[in-house]
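Please load the model in a viewer and keep the selection tool at hand. The stops below are arranged so that each selection leads to the next.

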Amino acid sequence: MAIPLGSILVADWHRCADSREFFSKILHKKTQRKFGLLEAPMMPPHMNVDIVRYKVLISGKTGVGKSALAARLAGLDLPKMHNENTGIETTVVFWPARLKDSGRVLFFRFELWDCGESAMRRFDHMLPSCKEQVDAILFLFSFTDRGSFDDLSNQISRIKESSDPMVKLVVGTKFDLFMHTDVTESDITHFQEVCGLPVFRVGGDVSAGLGEVAPLLNALAEHLWHQDCKAASSVSISPQAALRETGSEIIV
């Protein structure tokens with residue numbers, strides 16, 4: 001179920017002056033740094049920051065832009081040609097955010113998993129590996145491919161077999177190609193009313209910097225933190241203990 005954006009995290013915090021010191025740890029010359037699986041932002045000794053780690057699966061038909069979305073969120077160069085993944089590819093994205101109630105700053109670490117559709121069909125172990133301990137799923141469709149939009153229900157039903165709680169968001173890619181769109185705004189509105197899942201739009205180049213990826217990353221962080229808080233309250237543990245339960249660590 002969608003939650004009001006900005007209800008848990010400070011909205012557009014990346015634009016605030018007090019965020020600069022934190023965002024400087026993930027930026028290099030105004031572009032996002034590339035982080036490997038074992039890397040993390042370097043923080044000064046005086047700054048204690050919690051890292052909360054999440055596994056995020058990117059799901060969608062071939063050609064909708066799964067690899068391009070992962071590159072976009074990580075601040076990497078977008079692929080110039082479409083080449084379907086022959087296996088599983090992971091991309092790490094760090095995103096700092098401030099909690100509204102406490103003012104506490106968290107570093108969200110998103111490990112994005114992208115698996116080629118052909119490989120998933122060919123190898124039976126691919127989908128279970130992607131779904132194992134997943135915290136969130138981004139269901140993708142392309143505004144220029146009506147079939148990918150109509151396939152969303154199949155994507156969602158394929159994942160629903162899992163009983164574990166997980167965040168579900170829908171992302172429409174290639175939104176900049178509005179002259180060639182096969183999906184209308186009324187289609188999006190109807191889908192959101194029926195499925196109850198928020199839809200985000202991405203497209204164009206990456207010249208907008210953080211402002212271009214902030215809405216989706218903030219929404220992902222907010223929904224995941226809300227999910228963790230609900231899980232913590234159901235077993236009567238504190239948010240601090242919940243941080244430990246999600247495998248977070250303190251940067252010192």
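A charge is taken to sit over a ring if NZ of Lys or CZ of Arg is within 6 Å of the ring centre and within 35 degrees of the ring normal. The model is predicted, and this criterion opens the tour.

**Charges over rings.** Select R201 and F175: R201 lies over the face of F175, 5.8 Å from the ring centre. Then select K55 with W113, where the charged end of the lysine sits over the ring at 3.9 Å from its centre.

**Aromatic cluster.** Keep F175 and add F141, F143, F149 and F191; ring pairs link these five residues into a cluster. Across the protein, the count of aromatic pairs is ten. Consider F141 and F149: their ring centres are 5.1 Å apart and their planes stand at 70°, so this pair is edge-to-face, planes over 60 degrees apart being counted as such. Are F141 and F149 buried or exposed? Both are buried.

**Strands β6, β7 and β8.** Select residues 167-173, which form strand β7. Six of the seven residues in β7 are buried, so that the strand is mostly covered, buried meaning under 20% relative accessible area. Next, add strand β6, residues 136-142, which pairs with β7 in the parallel sense over seven bridges. Within this pairing, L138 stands opposite L169 of β7. Now add strand β8, residues 199-201; its pairing with β7 is also parallel and runs over three bridges. Here V170 has V199 in β8 as its bridge partner.

**Helix α7.** Select residues 185-195, helix α7, and highlight D187, I188 and F191, which are buried. These residues cover an arc of only 100° around the axis, which puts them on the same side of α7. An α-helix has 3.6 residues a turn, so residues three or four places apart point the same way. Rotate the view to the other side of α7, where S186, H190 and E193 are exposed. What covers the buried residues of α7? The cover includes β6, β7 and β8, together with α5 (146-150) and α6 (152-159). Finally, select G196, which follows α7 and has a positive phi, near 70°.

**Whole protein.** Clear the selection and display the entire protein, which has nine helices and nine strands. Of its 252 residues, 48% are buried. Among contacts with a separation of 6 or more, 75% are between residues 24 or more positions apart. The protein exposes about 13000 Å², of which carbon and sulfur atoms supply 53%.

Methods: Residues are numbered from 1 along each chain as its sequence is written. This is a predicted model: local features need pLDDT of at least 70, side-chain atom pairs count only at pLDDT 80 or more; totals for chains, interfaces and linings use all residues. Side-chain values use heavy atoms; hydrogens and water are left out. Rings of Phe, Tyr and Trp (its six-membered ring) pair if their centres lie within 6.5 Å; planes under 30 degrees apart count as stacked, over 60 as edge-to-face and the rest as tilted. Buried means under 20% relative accessible area, exposed over 50%, partly exposed in between (1.4 Å probe, protein chains only). Helices (H or I, at least four residues) and strands (E, at least two) are DSSP runs, numbered from the N terminus. Two strands pair if DSSP finds at least two bridges between them. Contact means heavy atoms within 4.5 Å. Accessible areas come from the Shrake-Rupley method with a 1.4 Å probe; for residues, only the protein chains shown count as cover. The arc is that of the directions from the helix axis to the C-beta atoms.
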